[in-house]
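Ready for a walk through this model? Keep your viewer open and your selection tool handy, and we will go from stop to stop together.

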Amino acid sequence: EVGDTLNTMGFLKAKRGELDDALTLLWDALRIRKLQEDHVKVSETLKNIGNVHREKKEYDLAVECYEECLRIRRDELGPENEKVADALIAMGNVQSEMDLKEEA
């Protein structure tokens with residue numbers, strides 16, 4: 001599926017440090033996944049987009065993505081699911097980095 005492929009390509013670009021290219025691919029993946037109404041996959045792509053923004057130190061944008069990811073995962077999978085915990089960890093990590101930035 002095209003959405004899955006774009007998501008994977010974006011993830012790999014991010015791992016290679018090609019963050020702007022990663023965002024382009026991930027936003028395309030998100031658009032397709034939203035059209036397909038696959039909410040769990042939408043949450044995965046949102047988390048990947050959040051990770052790229054976090055890497056770029058665009059913390060507010062990362063938080064927005066993580067919050068939407070978390071909302072979808074809670075609604076679709078329930079509060080006890082490990083994917084919910086994964087999103088909470090990502091949110092905690094970015095908030096920790098934001099606190100360190102404010103202290104500097």
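Select Thr-45 and Arg-33 and show their side chains: a polar contact of 2.7 Å joins the two. Bear in mind as you look that this is a predicted model.

**Stop 1: Thr-45**

Stay on Thr-45 for a moment and colour the helix around it. Thr-45 sits in helix H3, which covers residues 39-55. Is Thr-45 buried or exposed? Its relative accessible area is 0%, so Thr-45 counts as buried. Now display what surrounds it: beyond residues up to four places away in sequence, Thr-45 touches Asn-7, Leu-26, Ala-29, Leu-30 and Arg-33.

**Stop 2: Arg-33**

Shift the centre of rotation to the other partner. Arg-33 belongs to helix H2. What is the relative accessible area of Arg-33? The value is 3%, and because buried means under 20%, Arg-33 is buried.

Next, draw a distance from the side chain of Arg-33 to the backbone oxygen of Lys-41; you should read 3.0 Å. Then select the rest of the surroundings. With neighbours within four places in sequence set aside, Arg-33 is in contact with Glu-1, Gly-3, Asp-4, Asn-7, Asp-38, Lys-41, Val-42, Glu-44 and Thr-45. Asn-7 is worth a label here, as it is in contact with Arg-33 and is also touched by Thr-45.

**Stop 3: elsewhere on H2, and the loop after it**

Still in helix H2, pick Leu-35. Is this leucine, Leu-35, buried or exposed? Leu-35 has 66% relative accessibility, so it counts as exposed. For a distance across the model, join the C-alpha atoms of Leu-35 and Leu-70: they are 35 residues apart along the chain and separated by 19 Å.

Step on to Glu-37, in the loop between H2 and H3. If you have a Ramachandran plot to hand, look for its phi, a positive value of about 55° although Glu-37 is not a glycine. Glu-37 is exposed, with a relative accessible area of 59%.

**Stop 4: the whole of H3**

Select H3 from end to end. Its 17 residues reach 24 Å from the first C-alpha to the last, close to the 24 Å expected at 1.5 Å a residue. Which residues of H3 are buried? They are Val-42, Ser-43, Thr-45, Leu-46, Lys-47, Asn-48, Ile-49, Gly-50, Val-52 and His-53.

Just after H3 comes Lys-57 with a positive phi of about 65°, although Lys-57 is not a glycine. You will find Lys-57 in the loop between H3 and H4. At 55% relative accessibility, Lys-57 counts as exposed.

**Stop 5: the largest pocket**

Switch on a surface or your pocket finder. How much space lies in the largest pocket? It holds about 210 Å³. Of the 13 residues that line the largest pocket, select the ones closest to its centre: Ala-14, Lys-15, Asn-51, Val-52 and Glu-55.

Colouring by helix helps here. Helix H1 (2-15), helix H2 (19-36) and H3 each supply at least two residues of the lining. H3 gives the largest share, with 5 residues. Recolour by residue type and the lining divides into 5 nonpolar, 3 polar and 5 charged residues.

**Stop 6: H4 and Tyr-66**

Finally, select helix H4, residues 59-77. Its 19 residues reach 26 Å from first C-alpha to last, close to the 27 Å expected at 1.5 Å a residue. Highlight the buried residues of H4: Tyr-59, Ala-62, Val-63, Cys-65, Tyr-66, Cys-69, Leu-70, Ile-72 and Arg-73.

Zoom in on Tyr-66, which lies in H4. It has 1% relative accessibility and so counts as buried. Which residues does Tyr-66 touch, not counting residues up to four places away in sequence? Select Lys-47, Gly-50, Asn-51, Arg-54, Ala-90, Met-91 and Val-94. Asn-51, one of these contacts of Tyr-66, is also among the residues closest to the centre of the largest pocket.

Two last picks remain. The C-alpha atoms of Tyr-66 and Arg-31 are 35 residues apart along the chain and separated by 17 Å. Just after H4, Gly-78 takes a positive phi of about 90°.

Terms used. Residues numbered from 1 in each chain as written. Predicted model: local features only at pLDDT ≥ 70, side-chain atom pairs only at ≥ 80, totals over all residues. Heavy atoms only, no water. Helix = DSSP H or I, 4+ residues; strand = E, 2+ residues; numbered from the N terminus. Buried < 20%, exposed > 50% of the residue type's maximum accessible area, 1.4 Å probe, protein only. Polar contact = N/O pair within 3.5 Å; in protein donor to acceptor, adjacent residues only side chain to side chain. Contact = heavy atoms within 4.5 Å. 1 Å grid on protein atoms, 1.4 Å probe; cavity = no way out; pocket = protein on both sides within 12 Å on 5 of 7 lines; lining within 4 Å. Points joined across faces, edges and corners; volume = space filled by probe spheres on them. Nonpolar A, V, L, I, M, F, W, Y, C, P; charged D, E, K, R; others polar. Expected span 1.5 Å × (residues − 1).
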